[in-house]
Amino acid sequence: IGKLENLIAKKRNIKQGAMQQLLTGKKRLPGFSGKWEVKKLGEIGSFSKGQGIRKDQSQSGELSCIRYGELYTRHSNYVKQYYSFISKEVAATAKKLTVGDILFAGSGETKEEIGKCAAFIDNIDAYAGGDIVIFSPHGANSLFLGYLLNSPIAVEQKASKGQGDAVVHISASNLKEIQISVPPTVK
């Protein structure tokens, strides 16, 4: 069991290293070329904010919604499944998502976890609860950004911009300053 656990850890580290190299442009897949540029998030998209969906409303109907705590506990890099559902009445006052939006948790317990995000890639009606910062990229691949913005390079920057001690917050104005390397297709 110990040897198997060591092998799993080794493979996980190899995967993480390969992803890091691909996400930063240090390693290229065949057929991809061009110099990557360093850009701030504010240069490649716009920000908005989710609107309050109380916990007692999160099972009130059939429309999918994402609450900020689910970004920590249920979603990794992109939204694969929905766990909360609101009524049409609640949706009328909530923030509707657009395919390609990146959802950031606006608050958390530690600076290291602040701003965990997931890409919304489904073409369905879905809504964002409060304390979610929504990034709408212009011309960028959202799935790529979902992975990149959870990589160590972005996590370190988000941690440095988190504010607070008992509860850490990060705002759209702080997220706009996050610098990432992007391939030439992102304008």
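**Exercise 1. Find S84 and work out its surroundings.**

Step 1. Start with the address: S84 sits in strand β5, which covers residues 84-86. A quick word before going on: the model you're looking at is predicted.

Step 2. Is S84 buried or exposed? Its relative accessibility is 4%, so S84 counts as buried, the cut-off for buried being under 20%.

Step 3. Now list its partners. Leaving out neighbours within four places in sequence, S84 is in contact with S58, Q59, L63, S64, C65, R67 and E70.

Step 4. Finish with a distance. S84 and L175 are 91 residues apart in sequence, and their C-alpha atoms are 26 Å apart in space.

**Exercise 2. Check the length of helix α1.**

Step 1. Helix α1 takes in residues 2-23, which makes 22 residues.

Step 2. Use 1.5 Å a residue, counting one less than the number of residues. That gives an expected span of 32 Å for α1.

Step 3. Compare this with the model: the end C-alpha atoms of α1 are 31 Å apart, which agrees with the expected span.

Step 4. Look just past the helix. Right after α1, G25 has a positive phi of about 80 degrees.

**Exercise 3. Describe the chain as a whole.**

Step 1. How many helices and strands does the chain have? The tally is 7 helices and 13 strands.

Step 2. Test how compact the chain is. Its radius of gyration is 17 Å, and the globule rule gives 16 Å for 187 residues; the two are close, so the chain is as compact as a globular protein of that length.

Step 3. Put a box around it. Taken along the principal axes, the C-alpha atoms fill roughly 50 × 50 × 35 Å.

Step 4. Look at inside and outside. Of the 187 residues, 41% count as buried. The chain exposes about 10500 Å², with carbon and sulfur atoms supplying 52% of that area.

Step 5. Ask how far along the sequence the contacts reach. Take the contacts between residues at least 6 apart in sequence: 75% of them join residues at least 24 apart.

Step 6. Count the charges. There are 26 positive and 17 negative side chains, and the centres of the two sets lie 8 Å apart.

**Exercise 4. Pick out two residues with a positive phi and compare their settings.**

Step 1. Recall the background: most residues other than glycine have a negative phi.

Step 2. Take N77. Its phi is near 75 degrees, a positive value in a residue other than glycine. N77 belongs to strand β4, residues 77-78.

Step 3. Take D131. Here phi is near 65 degrees, again positive in a residue other than glycine. D131 lies in the loop between β10 (126-128) and β11 (132-137).

Step 4. Sort them by accessibility. N77, at 13%, counts as buried, while D131, at 23%, counts as partly exposed.

**Exercise 5. Follow D131 to a buried glycine.**

Step 1. Which residues does G106 touch? Not counting residues up to four places away in sequence, the partners of G106 are I114, D131, V133, V168, H169 and I170. So there's D131 again.

Step 2. Place G106: it is in the loop between β7 (102-105) and β8 (107-108).

Step 3. Check its accessibility. With 3% relative accessibility, G106 counts as buried.

Step 4. Add a distance: G106 and S46 are 60 residues apart along the chain, and their C-alpha atoms are separated by 16 Å.

**Exercise 6. Look at helices α5, α6 and α7.**

Step 1. Begin with L145, in helix α5 (residues 142-148). L145 has 1% relative accessibility and so counts as buried.

Step 2. Find what surrounds it. Beyond neighbours within four places in sequence, L145 is in contact with I102, F135, P137, A140 and I180. The C-alpha atoms of L145 and G100 are 9.5 Å apart, with their positions 45 residues apart along the chain.

Step 3. Move to α6 (residues 152-161), where A154, Q157, K158 and A159 are buried. The buried residues of α6 pack against β7, α5, α7 (172-175) and β13 (179-182).

Step 4. End in α7 with S173. Its relative accessibility is 48%, so S173 counts as partly exposed. The C-alpha atoms of S173 and L148 are separated by 19 Å, and the two residues are 25 apart along the chain.

Notes
Residues numbered from 1 in each chain as written. Predicted model: local features only at pLDDT ≥ 70, side-chain atom pairs only at ≥ 80, totals over all residues. Heavy atoms only, no water. Helix = DSSP H or I, 4+ residues; strand = E, 2+ residues; numbered from the N terminus. Rg over C-alpha atoms; globule rule 2.2 N^0.38 Å. Buried < 20%, exposed > 50% of the residue type's maximum accessible area, 1.4 Å probe, protein only. Contact = heavy atoms within 4.5 Å. Areas by Shrake-Rupley, 256 points an atom, 1.4 Å probe, with all protein chains shown as cover. Lys, Arg positive; Asp, Glu negative; His and termini not counted. Charge placed at Lys NZ, Arg CZ, Asp CG, Glu CD.
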